[in-house]
Amino acid sequence: MNGRSPTIWQAMQARGYTRRDFLQFCTVAATLSGIQLSGLGKVVHAFETKSRPPVVWLHFQECTCCSESFIRSSHPIVADILLDYLSLDYTETLQAAAGHQAEKSYHDTITKYPGQYILLVEGSVPMKDDGAYCMIGGRSAEQILREAAKDAAAVIAWGSCASNGCIQSANPNPTNATPIHKIISKPVINVPGCPPIADVMTGVVAHLLVFGRAPELDSQGRPKEFYSRRVHDTCYRRPFYDAGLFVESWDDDAARQGYCLYKMGCRGPTTYNACSVTKWNGGLSYPIQSGHGCIGCSEAGFWDNGPFYQHLPAFPGFGIESTADTIGALAGAAALGGVAAHLVLTNVRKRQLINIDKKAGGVAAPEEKEGGDQ
Amino acid sequence: MAQKVQSMAGVRAQPRIHAYDRVYVWELPVRNYHWINVLCLMFLIPTGYIIGNPQAVFSANEPYQQYWFGIVRFTHFASGMVFFFNFLFRIYWGFVGNRFAKWNNYILMKKAQWRKLIEVFSVDILQLKLTRPMGRGHNPLAALSYFVFFLISMFQAATGLALYASMSSWWFPKLFTWIVPLMGGDMAVRQWHHMAMWGSIIFIVFHVYIVFYHDYVEGRGTTSGMISGWEFERKEDE
Amino acid sequence: MARVVVDPITRIEGHLRIEAVIEGGKITDAYSSGTMVRGFEKILKGRDPRDAWAFVERACGVCTTVHALASVRTVEDALKISVPKNAELIRNIMFCTQMVQDHVVHFYHLHALDWVDIVSALKADPAATSSLAQSISNWPKSSPGYFSDLQKRLKTFVDSGQLGIFANGYWGHPAYKLPPEANLMAVAHYLEALEWQKEIVKVHTIFGGKNPHPNYLVGGVPCSINLEDVNAINTERLNHVGKLIKDAMTFVNQVYIPDLMAIAGFYKDWGAIGGGLRNYMAYGDLPTAGYNQPESFKFPRGAILDRNLNEVYDVNGRDGEEIKEYISHSWYKYTVGDEKGLHPWNGETEFNFTGPKPPFEQLDVEGKYSWLKTPRWKDHPMEVGPLARVLVAYARGNAEVKEVVTETLAKLAVPVDALFSTLGRTAARGLETKLVVNWLKGFYDDLLANIKSGQVSTFTREKWDPSTWPAECEGVGMTEAPRGALAHWIRIKDGKIDNYQLVVPSTWNASPRDAKGQRSAYEESLVGTPVANSEQPVEILRTIHSFDPCLACAVH
Ligand code: HEM
Ligand code: HEM
Ligand code: NFV
Ligand code: SF4
Ligand code: SF4
Ligand code: F3S
Ligand SMILES: [Mg+2]
């Protein structure tokens, strides 16, 4: 390997993969990117000769916390990723070059390696008013995304912003913030979370590189490897839940003993993420372990499922603390009231009818006879 | 099925002097459906409500000493399953059952049904008149309410199974997972599943009341009808 | 006359565009534009005030937590909640952790490449690098073998022809003045800092469940303390925090500060460039006796006008005449007319894009040209940030701050005036990090002492239930984010957010000019900056980076 870091092909050989496996991997990478099979040669070539796959990381409407999360990765650590795994050719957060030079890095990569670079996208794309709500180098996010996605070998949507629109798409979505899979026609690997767990992010990238294929995705484009279970399914507080032992109020005795946070609004039962298993920041903790419920940050539309501190979301148009129960109880009471009123009415209006059988030799009232239409 | 209609005119029916027809309306499968359904709801509603609003009980125990919330949930899922298959059966019976059980009773498509519905509404509900002629089987207003209830049942079963899919490795509930993204995530599904519970509660309030009303006011034997299958009709109404 | 456009400005958070006018090798005018907006202030309307922290925290993942802190304070201020001592201490610990991590990451990963030529590091002698490193610090990873291994790794990387994040940098530009050995040492610490920064944030993970975006709570903190249970903050968790703090002190004192001083020594000329505005403001933070006692803050509150360190003015967030936001050059419209300023309680956020349709080459800087609003204090443009904090504390006579400032100026042999510069900004950031990491330890010790005295409460229940709230109320929550004075204003009506406005440090610094045409800090600091080669405007990056821009914050 003459001192250079191994190419993907070399790395796979070292792991005992055959040439056939390698070609298979290239086929999958090509299929994933939606490029024609005729482009396969290029992919094979790229992974055979390039020691590190070229990567473009775009930033749109976001808070950069996905990048921040990424650099918190503990296995592998991000220094190794930057030096040994990937060639991160464009990322506004870390790259040395700025302005024209930065744009040159971007253009070099997408033109020199068509069908061979991995596109990572952080942030959503505003589709309103010609994209005036997110412009980079004088171009709109949408223009850049379409161009960059065209020849990408694989597209990963980092975080809830790129996967489902996240906070800027919360009601009333002032900029028409749109997740990328709704804009480009390629398959997108969605890695939701606000932000996603660092080790999940590097895990998804490593899956592509090490196993040579995209991780298996669910119907929402999320890797099953990290998103097939609810936080609740593997939450260490689950025994408290099943036993019906709940925190009733912040910092009460139950909270101090780590009871289940369900009644404090925990969204674990409706949230698909790896938090309770992989945990955060090197497996140290996750929201629930540190006493706050899950707010559902990897679920599409979670911002509009508030208020966060009650089990059921507010009912649109019925005030902030109204739940389905508020509305239901009101309607139920109205129904009972209606029934009671009807009962009273009946006893007044139909007294005659009710009493009729009680009268000795009761005879049907005259009106009754008029009615028949059958 | 007219042969099942027997005249009771000759039978000594004291102290009443009305002549009654006894009509076999509710076949056994329909009655079975009905009471299994009632039983399921007696479990589903309280357990569902508790799932949404667990009360603080036995809160001094340790988790390994109890499992009550788990049991509540299990009861909900188990009765939910029975509820669902019972409902499926009823749909089937809507195609093969007697004329009172047929689906076209519930989906009002004939002008006459709507005319009758308005009449029932003005006599039974608004009480603009004292009586109306009675027919056999469901009156259209009742039928409409059952139709709405069937829709609720369908919705509850679908949303319930969609939620259940993530807790089960059985293939069957997985058939319903597409509902989750369609409705905008598990949270939204839960929200609507919970909301629809109130829909069924309101149905039950009206339904049980009106069944007793018909007996109380008109003396039709409605209540026992769902047990025995027979309904009574005054002869002179024919 | 040349118009230089730098867009994207990289190694910052967010989308910043600088247009500079260069005449005779010097910048004569500059325009700063934020080109991305999300509409937080519109999205927050009508929501539960207790949820607001989670929303605004997402304004930024780099200074994550500071908006959450400002938000819970804002709501607590409106509802007149004061939090238990433990909550105050844990919040302070989270605050200090954030500031230390953010400053170190800024220095190494966002700013260093303006001063450090990574390609030149290949020419360094590892043995000489080792003696250089050992001469400035007793940090253990300084052996010749360590540096030569690193150099080999770097060489393999460069030889691969794939420079990744280092591609197309201004390598070899004459403005780079460090010897190869200093460059190699800096590269080593670039990588070490990258690894260390993910450790210190674990303090957030322990108290807030995750980082970025740890959890907060109106009325306290969400983590409970219990020394008799494994399911709460207990001795093991506290020990972990203690260890992280100890390591942070070591890293700051043995790596960051020595590197900063070493690098600054080669760039003293930048002590006379990039000063910009003459006014500085800090809201102050790190309460030791409650948020409503600014006198007790570790970082004092105040404003300085015209660089006069003999007088410090009080700053009042409630006064409708002090802090106002203008939009004369911002893509918004006000119902009261675009020339007026609005106090944030009456603030409005209505988009009004009048710029060129993308793709475009140049902005219309005569009209509106940015998504940032323009905040003013008593109609003065103010610089906020580490330098402002240090100056306000210095001028207020804070002994700790005075001591480190005097010591540093003496070490570098530069006059006090050198503080008002690009270098001054970068140095001030280091100096306060040194203080903050000590305070971090202090707050940790206080927390242990408080728990030892039997106090475990972390939350006050009193005003949690919205039925206990007044029909209408308003609050302001101020803090010091790493980039400077941050405040949120809220108006609550019938239990819901009626109006919520964020005025953010980078909004102060990066905003377009105001109705009177006064420039804000970025624009003003660029005027007069020499640019040797307008094709490689590394000087622009140096000054802009010295502010540590965060545009997602600034616009929100
Ligand atoms: C009319 C019939 C039903 C009613 C009234 C009902 C009611 C409810 C209610 C109120 C909840 C609590 C929702 C919440 O607040 O989180 C619930 C939860 C649930 N129900 Fe039903 N339900 C019905 C039928 C079903 C059926 C047929 C199934 C299918 C198996 C089902 C499965 C579930 C599941 C899986 C949950 C979530 C429980 C959990 O995550 O712990 N339900 N139901
Ligand atoms: C949980 C409570 C109940 C539910 C959900 C329920 C539901 C239903 C449904 C769906 C039908 C239509 C049956 C069909 O056409 O297949 C029905 C009919 C009927 N139910 Fe119930 N039922 C409930 C309780 C009761 C009770 C307590 C009684 C009286 C003892 C009762 C008596 C009847 C009768 C007599 C009919 C036929 C009446 C008519 O044609 O209008 N139900 N019920
Ligand atoms: N400007 C800004 Fe922030 C900071 N520091 C927040 O208030 O960076 Ni994202
Ligand atoms: S998904 Fe959340 S964390 Fe990531 S950039 Fe968007 S707002 Fe930030
Ligand atoms: S804390 Fe949340 S995720 Fe954990 S068991 Fe309780 S409800 Fe489920
Ligand atoms: S809030 Fe997010 S971080 Fe995990 S526990 Fe919930 S998905
Ligand atoms: Mg604002």
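The following paragraphs lead through a predicted model, from its chains and their contacts to its metal sites and bound ligands.

Chain A contains 16 helices and nine strands. Of its 374 residues, 66% are buried. The contacts within chain A can also be sorted by sequence separation: among those between residues at least 6 apart in sequence, 69% join residues at least 24 apart. The surface that chain A exposes amounts to about 12900 Å², and carbon and sulfur atoms supply 56% of this area.

Two pairs of chains are in contact, and chains A and C share the most contacts. Chain B and chain C, by contrast, are joined by no contact, and their closest C-alpha atoms lie 13 Å apart. Between chains C and A, 101 residues of chain C are in contact with 99 residues of chain A. The size of an interface is often given as the accessible area lost when the parts come together. For chain C and chain A, the buried area is about 8200 Å², with carbon and sulfur atoms giving 58% of it. Within the area that chain C buries against chain A, C:Q162, C:I165 and C:N231 supply 9%, more than any other three residues.

Two ligands are placed between these chains. Ligand 4 lies between chains A and C and is surrounded by 13 residues, the closest being A:C63, A:C65, A:C66, A:C161 and A:C194. Helices α4 (65–70) and α8 (159–164) of chain A each supply at least two residues of the shell, and α8(A) gives the largest share, three residues. By class, the shell around ligand 4 comprises seven nonpolar, four polar and two charged residues.

Ligand 6 also lies between chains A and C. Its surroundings include A:C275, A:C294 and A:C297 from chain A, together with C:K210 from chain C. Other residues around ligand 6 include A:T271, A:N273, A:W280 and A:P287. The shell around ligand 6 divides into six nonpolar, three polar and one charged residues.

Chain C supplies the donors of two metal sites described next. In ligand 3, the iron atom is coordinated by the SG atoms of C:C63 and C:C553, at 2.5 Å. The iron atom and the nickel atom of ligand 3 are 2.8 Å apart, and C:C63 coordinates both. C:C63 lies in the loop between α2 (52–57) and α3 (66–79) of chain C, whereas C:C553 belongs to helix α16 (residues 551–555) of chain C; the pair therefore ties together parts that are 490 residues apart in sequence. Because buried residues are those under 20% relative accessible area, both cysteines fall in that class: C:C63 has a relative accessible area of 2%, and C:C553 has 3%.

Which protein atoms serve as donors to the magnesium ion (ligand 7)? They are C:E41 (OE), C:L502 (O) and C:H556 (NE2), lying 2.0 to 2.3 Å from the ion. Along the chain, the donors of the magnesium ion follow the spacing E-x460-L-x53-H. C:E41 sits in helix α1 (residues 40–43) of chain C and C:H556 in the segment after α16 of chain C, and this pair links distant parts of the chain, 515 residues apart. C:E41 is buried, with a relative accessible area of 4%, and C:H556 counts as buried at 6% relative accessibility.

Notes
Residues are numbered from 1 along each chain as its sequence is written. Chains are lettered from A and ligands numbered from 1 in the order in which they are written. This is a predicted model: local features need pLDDT of at least 70, side-chain atom pairs count only at pLDDT 80 or more; totals for chains, interfaces and linings use all residues. Side-chain values use heavy atoms; hydrogens and water are left out. Donors are N, O and S atoms within 2.8 Å of the metal (3.2 Å for Na, K and Ca); water is not among the atoms, so sites may look incomplete. Helices (H or I, at least four residues) and strands (E, at least two) are DSSP runs, numbered from the N terminus. Buried means under 20% relative accessible area, exposed over 50%, partly exposed in between (1.4 Å probe, protein chains only). A residue is near a molecule or strand if one of its heavy atoms lies within 4 Å of it. Ala, Val, Leu, Ile, Met, Phe, Trp, Tyr, Cys and Pro count as nonpolar, Asp, Glu, Lys and Arg as charged, and the others, Gly among them, as polar. Contact means heavy atoms within 4.5 Å. Accessible areas come from the Shrake-Rupley method with a 1.4 Å probe; for residues, only the protein chains shown count as cover. Buried area is the accessible area (1.4 Å probe) that two parts lose on being put together, summed over both.
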